[in-house]
Amino acid sequence: MARYYDVHPENPQPRVIGQVADLIRSGGLVAYPTDSCYALGTRLGNQDGLDRIRQIRHLDDRHHFTLVCHDFAQLGQFVQISNSVFRLVKASTPGSYTFILPATREVPRRMLHPKKRTVGVRVPRHTVTQALLAELAEPLVSSTLVLPGDEEPMTQGWEIKERLDHQLDAVLDAGDCGKEPTTVIDLSGPEPEILRRGAGDVSRFE
């Protein structure tokens, strides 16, 4: 049964954030809010957590998981960024973007796209997410919380708790954070490729 934490969206209680971070460190899988929908998150290197996300969302091995990072500096530890890409990514973080980039050796092989050796990365703007990432001091491996058969992501913490109670370890509820997922930009090739138009403005990538 998942633990349920109701947290203030602008002033999250440090005690609650600490408890959720401890759960993640001990191998837990949590649902948490971002600036673009709720997401499923687990610790980097937690193979069981990755498998549980795949099971919940019915994902195959070509799915790009996302490393949700606290800031641009942390993001740079996990992906290779050329000078031209650097400016694009820096200008768009924090924000509602996921960037597909070549991974460094810091990223477990099981997380990578099997052919491209790429991974998704993002730096969210949401206060609660930022507090959790700061407490963890490491990225969260994440995937948008869209269940099989649903057309839109889940937006209510109580509903997530109700539907996924026995598949999660915790739900961190900060209220409705919208239905529009991140804009996904593939920056691993010679030109930016817009893979999904979402909450982030695409004009600088066109």
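Trainee: Which residue of β8 is the bridge partner of Asp 6?
Mentor: In β8, Asp 6 has Asp 173 as its bridge partner. This is a predicted model, in which local features need pLDDT of at least 70 and side-chain atom pairs count only at pLDDT 80 or more, while totals for chains, interfaces and linings use all residues. Residues are numbered from 1 along each chain as its sequence is written, and side-chain values use heavy atoms, with hydrogens and water left out.

Trainee: What makes β1 and β8 a pair, and in which sense do they run?
Mentor: Strands here are DSSP runs of E with at least two residues, and helices are runs of H or I with at least four, both numbered from the N terminus. Two strands pair if DSSP finds at least two bridges between them; β1 and β8 have four bridges, so the criterion is met, and the sense is parallel. On the evidence of two bridges, β2 is also joined to β8 in parallel, with Ala 31 standing opposite Val 171.

Trainee: Which residues of β8 point one way, and which the other?
Mentor: Ala 170 and Leu 172 point one way from β8, whereas Val 171 and Asp 173 point the other way, and all are buried. In a regular strand the side chains alternate between the two faces of the sheet. Buried means a relative accessible area under 20%, exposed means over 50%, and partly exposed lies in between, with a 1.4 Å probe and protein chains only.

Trainee: Why are β1 and β10 said to stand at the edges?
Mentor: The open sheet has ten strands in the order β1-β8-β2-β3-β7-β4-β6-β5-β9-β10, with mixed pairing. β1 (3-6) and β10 (193-196) each have a single partner strand, so one side of each is left without a neighbour in the sheet. Neighbouring strands of this sheet are turned by 30° against each other on average, direction ignored. Helix α1 packs on the sheet, where it touches β1, β2, β3 (38-43), β7 and β8, and its direction makes about 145° with that of β1; such angles run from 0 to 180 degrees between N-to-C directions, with axes fitted to C-alpha atoms, for helices over the stretch in contact.

Trainee: How do you know that Tyr 97 and Phe 99 count as stacked?
Mentor: The structure holds four aromatic pairs. The ring centres of Tyr 97 and Phe 99 are 5.8 Å apart and their planes stand at 10°, so the pair is stacked: rings of Phe, Tyr and Trp (its six-membered ring) pair if their centres lie within 6.5 Å, and planes under 30 degrees apart count as stacked, over 60 as edge-to-face and the rest as tilted. Tyr 97, Phe 99 and Phe 205 form one aromatic cluster. Tyr 97, at 7% relative accessibility, counts as buried, and Phe 99 is buried at 0%. Strand β5 (97-102) pairs with β6 (118-122) in the antiparallel sense over four bridges, and there the bridge partner of Phe 99 is Val 121.

Trainee: Why is Thr 93 called buried or exposed?
Mentor: Its relative accessible area is 17%, so Thr 93 is buried. Thr 93 is found in the loop between α4 (83-91) and β5, and beyond its neighbours within four places in sequence it is in contact, meaning heavy atoms within 4.5 Å, with Phe 72, Phe 99 and Val 123. A cis peptide bond, with omega about -5°, joins Thr 93 and Pro 94.

Trainee: What makes the phi of Ala 137 worth a remark?
Mentor: Phi of Ala 137 is near 65°, a positive value in a residue other than glycine. Most residues other than glycine have a negative phi, and most peptide bonds are trans. Ala 137 follows α5 and is exposed, with a relative accessible area of 60%. His 58 likewise has a positive phi, near 55°, lies in the loop between α2 (47-57) and β4, and counts as exposed at 63%.

Trainee: Which residues of α5 are buried?
Mentor: In α5 (127-136), Val 128, Thr 129, Gln 130, Leu 132, Leu 133 and Leu 136 are buried. What covers them includes α1 (14-25), β2 (30-33), β4 (66-68), β7 (140-144) and β8 (170-173).
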